[in-house]
Amino acid sequence: MNKIKKGDQVKVIAGKDKGKDGKVIAVKDGKVLVEGVNLVTKHTKPSAANQQGGIVTKEAFLDASNVMYLHKGQTTRIGFKIDGDKKVRVAKSTGDVID
């Protein structure tokens with residue numbers, strides 16, 4: 001079970017975009033795609049979908065260890081707790097159940 005999930009609000013804590021925050025678009029193999037963070041330029045050939053081609057700016061994956069969960073505007077670590085018969089994520093700083 002991953003600590004960071006799609007739709008979470010996170011803050012970048014390392015790398016060229018340190019200090020930026022955004023919403024997680026996708027999680028894949030320990031890497032996260034964050035909205036508006038780690039932008040790269042990609043040269044694309046003209047195709048049926050993109051007839052013009054040219055230079056496109058898009059987000060690239062960054063390692064999950066370089067982002068931290070934002071809870072009530074503050075960064076926090078995430079732990080797990082058994083709530084009844086369900087495993088839930090818990091904010092370490094406040095003890096609040098996230099989901």
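The exchange below takes up terms used for this predicted model and sets values against their definitions.

Me: What are the ground rules for the numbering and the values?
Reply: Residues are numbered from 1 along each chain as its sequence is written, and side-chain values use heavy atoms, with hydrogens and water left out. Because the model is predicted, local features need pLDDT of at least 70 and side-chain atom pairs count only at pLDDT 80 or more, while totals for chains, interfaces and linings use all residues.

Me: Why are strand 6 and strand 8 said to stand at the edges?
Reply: The open sheet holds 6 strands in the order 6-3-2-1-7-8, with antiparallel pairing. Strand 6 (62-63) and strand 8 (74-76) each have a single partner strand, so one side of each is left without a neighbour in the sheet. Strands here are DSSP runs of E with at least two residues, numbered from the N terminus.

Me: How do you know that strand 7 and strand 8 pair?
Reply: Two strands pair if DSSP finds at least two bridges between them, and strand 7 (residues 67-71) has 3 bridges to strand 8, in the antiparallel sense, so the condition is met. Among the bridge partners, His71 is matched with Gln74 in strand 8.

Me: Why is Thr76 called buried?
Reply: Buried means under 20% relative accessible area, exposed over 50%, and partly exposed in between (1.4 Å probe, protein chains only). Thr76, which is found in strand 8, has a value of 4% and is therefore buried. Its contacts (heavy atoms within 4.5 Å), leaving aside neighbours within four places in sequence, are Met68, Tyr69, His71, Ala91, Lys92 and Ser93.

Me: What makes the link between the side chains of Thr76 and Ser93 a polar contact?
Reply: The term requires a pair of N or O atoms within 3.5 Å; within protein, one must be able to donate a hydrogen and the other to accept it, and residues adjacent in sequence count only if both atoms are side-chain atoms. The side chains of Thr76 and Ser93 are joined at 3.1 Å, so the distance satisfies that limit.

Me: Which is buried and which is exposed, Asn38 or Lys72?
Reply: Asn38, in the loop between strand 3 (31-34) and strand 4 (39-44), has a relative accessible area of 15% and is therefore buried. Lys72, in the loop between strand 7 and strand 8, has 67% and is therefore exposed.

Notes. Helix = DSSP H or I, 4+ residues; strand = E, 2+ residues; numbered from the N terminus.
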